[in-house]
Amino acid sequence: LGSEGQIDLIEDFYRRFHTKETLILVDPVMGDHGKPYRTYTPELCGRMRDLAAQADVITPNLTEAALLLGEAYENLPGDEQGIRRWLERLSMDGTRSVVLTGVSLEPGQIGAGFFDRAAGCTGFAMAHQEPEHFPGTGDLFASVVLGALLRGESLERAAQRGADFVQRCVAYTLELGTPVLEGVQFEPLLRELMTE
């Protein structure tokens, strides 16, 4: 989202259409690699924080988690217990589920930490880390998680499905040798999500 006005429109949409049966997932796209995007002023970050507060599930990356918590990126926890503490803080006292992307607890593995508000627990969904980073993988991950949740899967299963699918798409794209800036070639693999 590029402006506070856009956030106002989405909040109005929530007010008009949200019911007990509605699942709201917010992917708070605000920054990456330890820095907010240039368009994300402190005011816009604050409004994104307000929008995320209305979600049932949020899927921030590590940079966005720091921004949502008002923490310096340098304070990012480096161990499992620290990540679990951040997940619990991001859950707003257990009122929303959280899937924190870009988590790596050991070399060669990357994925997500999660807090499941329904189960009241934290956990991790990891996959093999490929040797390249592609733009758009966070969007793909959040989409797979949302699709799995709408199919009635647990948050743990949804997060693992997202981590596994993104890893397969990155590996497939590396085999094809397409330019990194074109993102991952996920379309030929979408059928895998239907057959699992």
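Here are some notes on the fold, cores and a few individual residues of this predicted model.

1. **The sheet.** Start with the five-stranded open sheet, which has the order S1-S4-S5-S6-S7 and mixed pairing. Strand S1 (25-26) and S7 are the edge strands, and each has a single partner strand, so one side of each has no neighbour in the sheet.

2. **S5 to S6.** These two strands run antiparallel and are joined by five bridges. One pair to look at is Val99, whose bridge partner in S6 is Phe114. The two strands form a hairpin with five residues between them, and Gly108 in that turn takes a positive phi of about 85°.

3. **S6 to S7.** Here the count is eight bridges, again with the strands running antiparallel. Phe114 turns up once more, with Gly123 as its bridge partner in S7. This hairpin has four residues between its strands, and the turn includes Gly120 with a positive phi of about 70°. How much of S6 is covered? Most of it: six of its eight residues are buried.

4. **H3 against the sheet.** Helix H3 lies across S4 and S5, and runs at about 130° to S5. Keep this helix in mind for the core described in point 6.

5. **H4 and what it packs on.** Helix H4 (residues 80-90) has Gly82, Ile83, Arg84, Trp86, Leu87 and Leu90 as its buried residues. Note that an arginine, Arg84, is on that list. Those buried residues pack against strand S4 (57-58), helix H3 (62-69), S5, strand S6 (109-116) and strand S7 (121-128).

6. **The largest core.** Nonpolar side chains tend to be buried together in soluble globular proteins. In this model the largest nonpolar core has 29 residues, and Val26, Met30, Met48, Ile58, Leu90 and Leu100 have the most contacts inside it. Helix H1 (4-17), helix H2 (42-52), H3, H4, S5 and S7 each put in at least two residues. Which element gives the most? That is H3, with six residues. Val26 is a good place to look around: leaving aside neighbours within four places in sequence, Val26 is in contact with Tyr14, Met48, Leu51, Ala52, Ala55, Val57, Ile58 and Thr59.

7. **A second core, and the cysteines.** There is also a separate core of 26 residues, and Phe141, Ala148, Ala159 and Cys169 are among them. Cys169 has a relative accessible area of 0%, so Cys169 counts as buried. Cys121, by contrast, is partly exposed because its relative accessibility is 34%. The structure holds zero disulfides.

8. **Asn61.** This residue sits in the loop between S4 and H3. Is Asn61 buried or exposed? At 12% relative accessible area Asn61 is under the 20% cut-off, so it is buried. Its side chain reaches the backbone nitrogen of Thr63 at 3.0 Å. Beyond its neighbours within four places in sequence, Asn61 is in contact with Gly31, Asp32, Leu100 and Thr101. Leu100 is also one of the residues with the most contacts inside the largest core.

9. **The loop after H4.** Most residues other than glycine have a negative phi, so positive values are worth a look. Met92, just after H4, has a positive phi of about 55°, and Asp93 has one near 60°. Both Met92 and Asp93 belong to the loop between H4 and S5. What about their accessibility? Met92 is partly exposed, with a relative accessible area of 31%, whereas Asp93 counts as exposed at 79%.

10. **Gly102.** This glycine is in strand S5 (residues 97-103). Its relative accessibility of 36% falls between the 20% and 50% cut-offs, which is why Gly102 counts as partly exposed. Setting aside neighbours within four places in sequence, Gly102 is in contact with Leu62, Ile110 and Gly111. Asp12 is 90 residues from Gly102 in sequence, and the C-alpha to C-alpha separation of the two is 31 Å.

Conventions. Residues are numbered from 1 along each chain as its sequence is written. This is a predicted model: local features need pLDDT of at least 70, side-chain atom pairs count only at pLDDT 80 or more; totals for chains, interfaces and linings use all residues. Side-chain values use heavy atoms; hydrogens and water are left out. Buried means under 20% relative accessible area, exposed over 50%, partly exposed in between (1.4 Å probe, protein chains only). Contact means heavy atoms within 4.5 Å. A nonpolar core is a set of buried Ala, Val, Leu, Ile, Met, Phe, Trp, Tyr and Cys residues joined through side-chain atoms within 4.5 Å. Two strands pair if DSSP finds at least two bridges between them. A polar contact is a pair of N or O atoms within 3.5 Å; within protein, one must be able to donate a hydrogen and the other to accept it, and residues adjacent in sequence count only if both atoms are side-chain atoms. A disulfide is a pair of cysteine sulfur atoms within 2.5 Å. Axes are lines fitted to C-alpha atoms, for helices over the stretch in contact, and angles run from 0 to 180 degrees between N-to-C directions.
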